[in-house]
Amino acid sequence: WTTEGVYTVAVRVTDDDGSSSIASLLVTVEDNVVQPEPPIDDLYARPKGGEVTLVWAPVAASNSYNVYRSTTQGGPYTPLSMGYLCDYCSYVDLGLTNGTTYYYVVTWISGGAESAYSNEASATPQARILRTR
């Protein structure tokens, strides 16, 4: 089974005379993947015109990172990049709408397991204003 839960397993046995009997039992399937700890706690978001740059300290035990975004504080979050690789961890989210606030979280992956969400970082891209003298 691919999902946690309690399942009924039934077995029917039939002998060569055609007589049969059914036996059943309950099987509990648990998720044995241990979530890596601790989550990233230093995610920072820096806005520019039409983009946001995310920066966080790399986790030594990580294989990769997943980057998520929302336009609502607290989520739900949409994946932006799954399996992102970095040594100095910086990610640029391009093509954003100026004046809209974006909320981000990052997770790290180790041995196929994903950490809990990082701290939430937010930024609001703004159009650059050029001043002339």
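A salt bridge here is a side-chain nitrogen of Lys or Arg within 4 Å of a carboxyl oxygen of Asp or Glu. The model is predicted, so local features need pLDDT of at least 70 and side-chain atom pairs count only at pLDDT 80 or more, while totals for chains, interfaces and linings use all residues. Residues are numbered from 1 along each chain as its sequence is written, and side-chain values use heavy atoms, with hydrogens and water left out.

**Exercise 1. Track down the salt bridge and say what it ties together.**

Step 1: Search the whole structure, and one salt bridge turns up.

Step 2: Pick out the partners. They are D93 and R69, with 2.7 Å between the closest N and O atoms.

Step 3: Place them on strands (DSSP runs of E, at least two residues, numbered from the N terminus). D93 is in β7 and R69 is in β5 (residues 64-70), so the pair links parts that lie 24 residues apart in sequence.

Step 4: Check burial, where buried means under 20% relative accessible area, exposed over 50%, and partly exposed in between (1.4 Å probe, protein chains only). D93 comes out buried at 5%, while R69 is partly exposed at 24%.

**Exercise 2. Lay out the open three-stranded sheet.**

Step 1: Write down the order, β3-β4-β7, with antiparallel pairing. Two strands count as paired if DSSP finds at least two bridges between them.

Step 2: Look at the edges. β3 (44-48) and β7 (89-93) have a single partner strand each, so one side of each has no neighbour in the sheet. The twist averages 20° from one strand to the next; the axes behind that angle are lines fitted to C-alpha atoms, and angles run from 0 to 180 degrees between N-to-C directions.

Step 3: Go through the pairings. Five bridges join β3 to β4, and K48 has E51 as its bridge partner in β4. Those two strands make a hairpin with two residues between them, and G50 in the turn has a positive phi of about 70°.

Step 4: On to the β4 (residues 51-56) and β7 pairing, which also has five bridges. V52 has D93 as its bridge partner, and T53 stands opposite V92.

Step 5: Ask how enclosed β4 is. Five of its six residues are buried, so β4 is largely enclosed by the rest of the structure.

**Exercise 3. Work out what surrounds E51.**

Step 1: Find E51 in strand β4.

Step 2: Look for an opposite charge, counting Lys and Arg as positive and Asp and Glu as negative, with His and the chain ends not counted. E51 is buried but has no salt bridge, and the nearest side chain of opposite charge, K48, is 4.4 Å away.

Step 3: List contacts (heavy atoms within 4.5 Å). Beyond its neighbours within four places in sequence, E51 touches R46, V92, D93, L94, L96 and P125.

**Exercise 4. Describe the largest nonpolar core and the setting of C86.**

Step 1: Define the core: buried Ala, Val, Leu, Ile, Met, Phe, Trp, Tyr and Cys residues joined through side-chain atoms within 4.5 Å.

Step 2: Size it up. The largest has 19 residues, and L54, W56 and Y65 have the most contacts inside it. β8 (102-110) gives the most, with four residues.

Step 3: Turn to C86, in the loop between β6 (78-84) and β7. C86 counts as buried at 18% relative accessibility. Leaving aside neighbours within four places in sequence, C86 is in contact with W56 and Y65.
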